[in-house]
Amino acid sequence: MWELEVRSMKEKTNYGNWVPEKMLYLMFGLAAVFLVITVAAKAVLHKPVMAIVLGALCILSLLYAVYMLICHEIFAFGKGNMMAGVHEHLVDHLKWNGEGKLLDIGCGAAALTVRCAKAFPEARITAVDYWGVEWSYAKEQCERNARIEGVADDAAKLDFPDGTFDAAVSNFVFHEVRSAKDKRDVVKEALRVVKKGGVFSFQDMFSQKALYGDMDEFVRILKAEGISEVHYIGNLEKKLGFIPGFVTTPWMISGMGILYGKK
């Protein structure tokens, strides 16, 4: 957990990308390996059938690598800006006056945290995440980005008392919480730390029934448990104009939804 503090530095931020550069290197490297083996199979081993099969794999892996590179550029902050658009959509659905404390659950490299800090300059913002070795960002990167912008635990069990925050946000995090078999429990835990009368805006793969089941039913459950106002919009990848169709694949952006309202 960390809190933002106001500073001023002239450095370049690095918010990462949903398609990490390491993944791109790996995919283009794989295509290169297939190319070398293809040439060897034909020129050295004199096995034309094997060379054809390997050549096909080389072409397919290269095409996939190029596709992921295009997605990387579309997502990137300062380029295609799709990730920035997704964050803007989330913040636009947070109906808050900016007075009090806000929690960003799963802040990553602090891109959404910084956007919230700029949208609500009077707010005190706390950001939490689990920075594991498998992620392409780290706690230090997150803090550095916050300082440069001049704004300065496991989500299944947040280390805060009930009703600590006036607002809470989270973007594409809940489905990643491995310790929670039922992802609905992660949403409920996020709502637990919001004050009565506080607001929330969460984006995740809510439209994927394998993760969240029937969302209309879940909305009814949340209302029955005392959440005064709950709104849900599903399949956002088909509704937001800044998301191109070619990224709405099952392995990229699919089943995106937003859950927002007032506790």
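A disulfide is a pair of cysteine sulfur atoms within 2.5 Å. This is a predicted model, where local features need pLDDT of at least 70 and side-chain atom pairs count only at pLDDT 80 or more, while totals for chains, interfaces and linings use all residues. Residues are numbered from 1 along each chain as its sequence is written, and side-chain values use heavy atoms, with hydrogens and water left out.

**Exercise 1.** State how many disulfides the structure holds, then classify Cys 71 and Cys 107 as buried or exposed.

*Solution.*
- Step 1. Apply the sulfur cut-off: the structure holds 0 disulfides.
- Step 2. Recall the classes: buried is under 20% relative accessible area, exposed is over 50%, and partly exposed lies in between (1.4 Å probe, protein chains only).
- Step 3. Cys 71 has 0% relative accessibility, so it is buried.
- Step 4. Cys 107 has a relative accessible area of 6%, so it is buried too.

**Exercise 2.** Describe the ring pair of Tyr 64 and Tyr 67.

*Solution.*
- Step 1. Know the rule: rings of Phe, Tyr and Trp (its six-membered ring) pair if their centres lie within 6.5 Å; planes under 30 degrees apart are stacked, over 60 edge-to-face, and the rest tilted.
- Step 2. The structure holds 10 aromatic pairs.
- Step 3. In the pair of Tyr 64 and Tyr 67, the centres are 6.2 Å apart and the planes stand at 35°, so the pair is tilted.
- Step 4. Find the place: both sit in helix H2 (residues 48-75), 3 residues apart, which is about one helical turn. Helices (H or I, at least four residues) and strands (E, at least two) are DSSP runs, numbered from the N terminus.
- Step 5. Tyr 64 is partly exposed at 35% relative accessibility, whereas Tyr 67 is buried at 17%.

**Exercise 3.** Describe the ring pair of Phe 174 and Phe 202.

*Solution.*
- Step 1. The ring centres of Phe 174 and Phe 202 are 5.2 Å apart and the planes stand at 70°, so the pair is edge-to-face.
- Step 2. The pair links distant parts of the chain, 28 residues apart. Phe 174 lies in the loop between strand S4 (165-171) and helix H6 (183-192), and Phe 202 lies in strand S5 (residues 194-204).
- Step 3. Phe 174 is buried at 1%. Phe 202 is buried at 0%.

**Exercise 4.** Place Leu 259 and name some of its contacts.

*Solution.*
- Step 1. Leu 259 is in strand S7 (residues 257-262).
- Step 2. At 0% relative accessibility, Leu 259 is buried.
- Step 3. Contact means heavy atoms within 4.5 Å. Not counting residues up to four places away in sequence, Leu 259 touches residues including Phe 202, Phe 206 and Val 219.
- Step 4. Val 219 is 40 residues from Leu 259 in sequence, but 8.7 Å away in space, C-alpha to C-alpha.
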